[in-house]
Amino acid sequence: MAKKRPQTKAGKQQLKDGEIPVVGAREPCPCGSGRRYKACHGRAAAQAVTELVHRPFEGLAGECDWVALRELVPAATVELTLKDGLPEGVPSVTLATVLPMAWPALRRDDGSVLLALQNDTPSGDLSRDLADILRRALDAEPGSPVAAQRVPADAPRLQDVLDPDAAFEPVVHSGFEFWVPDAENATPEVSASLERANEAAIPTTRLAGVDAAYWCETPEKNHLRWVMPHAEERLLDALARLHAAGTSSLGEGTRLVGSFRAHGLMVPVWDLPSSMGAEECEKPAAEFAERLTEALASDAPLTGEERRARGGLTNRQVTLS
């Protein structure tokens, strides 16, 4: 015979959905239903954890730069504008690539908020998790870090919280001194974290003439990583047309070597000579953007050579997220 479910005691207070804490999957649900958590309110939480949102930043201003700061750029900040304005006592909200001690967010002593982008999050919707961390950081006591936590599936996302008309303008830094207003008086833990982060940071520059293109310097060669908003299949076709025509490079000594996939977007990558800095990339990148626009506009079937070029580009894709 099937086991009887324990009955909820009469008069036991029923909790609202927003008040229900997370417990073990086989434990009684805190809502008082008498069912196990995994069969009650844990069901929606489990679905939220496993359901992956492939383009979490879609609809946000600067989607391509969001992806770049999440996956490619070591040290950068962006001033964020909230849809409903800043709460009293919060002078500013700043998005940062990472924060000391890998904190998801920090409410500084002056009340300002730093929100970290490069952190593990508990669900498959990065936008929703970041919005929850931001909301709790706005309410945190000054001087307090904020941890990530499981978020209800119907919780607001960044698209609900941020002003869609505000500009998204990343500022790339050479190091992480933006973490603390007075680095000399930082705690030993933060100072050690700052030193480690600065040692690991790869010199990176955002190009001024095109959107979401980032030059970076490595010991052997330099690279240009360019996050693009176009649909993957159409972009692959366009890159294949240019590659087959011998016009996919950024000049002598450069080569389109492949691409990343990240958060639903493609990131073509070029190898550059060590002598080619960010300034030397500006003109070739702008010229390539014009060639790419023309190639994207073509609806002609790919030729045999273009199909082979497309196959080679597809084989050199690496998925980051």
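## A guided tour from Gly59 to the cavities

Begin by selecting glycine 59, which lies in the loop between helix 1 (41-50) and helix 2 (63-71); helices (H or I, at least four residues) and strands (E, at least two) are DSSP runs, numbered from the N terminus. The model is a predicted one, in which local features need pLDDT of at least 70 and side-chain atom pairs count only at pLDDT 80 or more, whereas totals for chains, interfaces and linings use all residues. Residues are numbered from 1 along each chain as its sequence is written, and side-chain values use heavy atoms, with hydrogens and water left out.

Glycine 59 counts as exposed because its relative accessibility is 63%; buried means under 20% relative accessible area, exposed over 50%, and partly exposed in between (1.4 Å probe, protein chains only). Add glutamine 159 to the selection: the two residues are 100 residues apart in sequence, yet their C-alpha atoms are 6.8 Å apart in space.

**The whole chain**

Now display the whole protein chain, which has eight helices and 12 strands. Of its 321 residues, 45% count as buried. Among contacts (heavy atoms within 4.5 Å) between residues at least 6 apart in sequence, 61% join residues at least 24 apart. The chain exposes about 17,100 Å², 50% of it supplied by carbon and sulfur atoms; accessible areas come from the Shrake-Rupley method with a 1.4 Å probe, and for residues only the protein chains shown count as cover.

**The six-stranded sheet**

Next, colour the strands of the open sheet, whose six members follow the order 5-3-4-2-1-6 with mixed pairing; two strands pair if DSSP finds at least two bridges between them. Strand 5 (144-146) and strand 6 (171-172) stand at the edges, each with a single partner strand, so one side of each is left without a neighbour in the sheet. At one of these edges, select strand 1 (residues 76-79), which runs antiparallel to strand 6 and is joined to it by two bridges. Here alanine 76 stands opposite valine 172 of strand 6.

Move to the loop between strand 2 (93-96) and strand 3 (105-107) and select alanine 102. This residue is not a glycine, but it has a positive phi of about 60°. Alanine 102 counts as exposed because its relative accessibility is 51%.

**Strands 7, 8 and 9**

Centre the view on strand 8 (residues 213-217), where four of the five residues are buried. On one side, three bridges join strand 8 to strand 7 (residues 204-206) in an antiparallel pair, and arginine 206 stands opposite tyrosine 214. The hairpin of strand 7 and strand 8 has six residues between the strands, and alanine 212 takes a positive phi near 60° in it.

Then select strand 9 (residues 222-226), which is antiparallel to strand 8 and joined to it by five bridges. Alanine 213 stands opposite tryptophan 226 in this pair. Four residues separate strand 8 and strand 9 in their hairpin.

**The loop after strand 10**

Select histidine 263 in the loop between strand 10 and strand 11 (265-272). Histidine 263 has a positive phi, near 55°, in a residue other than glycine. At 9% relative accessibility, histidine 263 counts as buried.

**The cavities**

Finish inside the protein, where a search of the whole structure finds two cavities of 30 Å³ or more. On a 1 Å grid over the protein atoms alone, a cavity is a set of points where a 1.4 Å probe fits but cannot get out, and lining residues have an atom within 4 Å of a point. Grid points are joined across faces, edges and corners, and a volume is the space filled by probe spheres set on the points.

The largest cavity holds about 110 Å³ of space. To show its lining, select Leu60, Ala61, Trp66, Glu79, Leu80, Thr81, Leu162, Asp163, Pro164, Ala166, Ala167 and Phe168. Nine of these residues are nonpolar, one is polar and two are charged; Ala, Val, Leu, Ile, Met, Phe, Trp, Tyr, Cys and Pro count as nonpolar, Asp, Glu, Lys and Arg as charged, and the others, Gly among them, as polar.

The second largest cavity has a volume of about 40 Å³. Its lining consists of Leu236, Leu239, Leu256, Gly258, Ser259, Met266 and Leu313. Helix 6 (232-244) and strand 10 (255-262) are the elements that give two or more residues to this lining, and strand 10 provides the largest share, three residues. By class, the lining of the second largest cavity has five nonpolar, two polar and no charged residues.

Methods. 1 Å grid on protein atoms, 1.4 Å probe; cavity = no way out; pocket = protein on both sides within 12 Å on 5 of 7 lines; lining within 4 Å.
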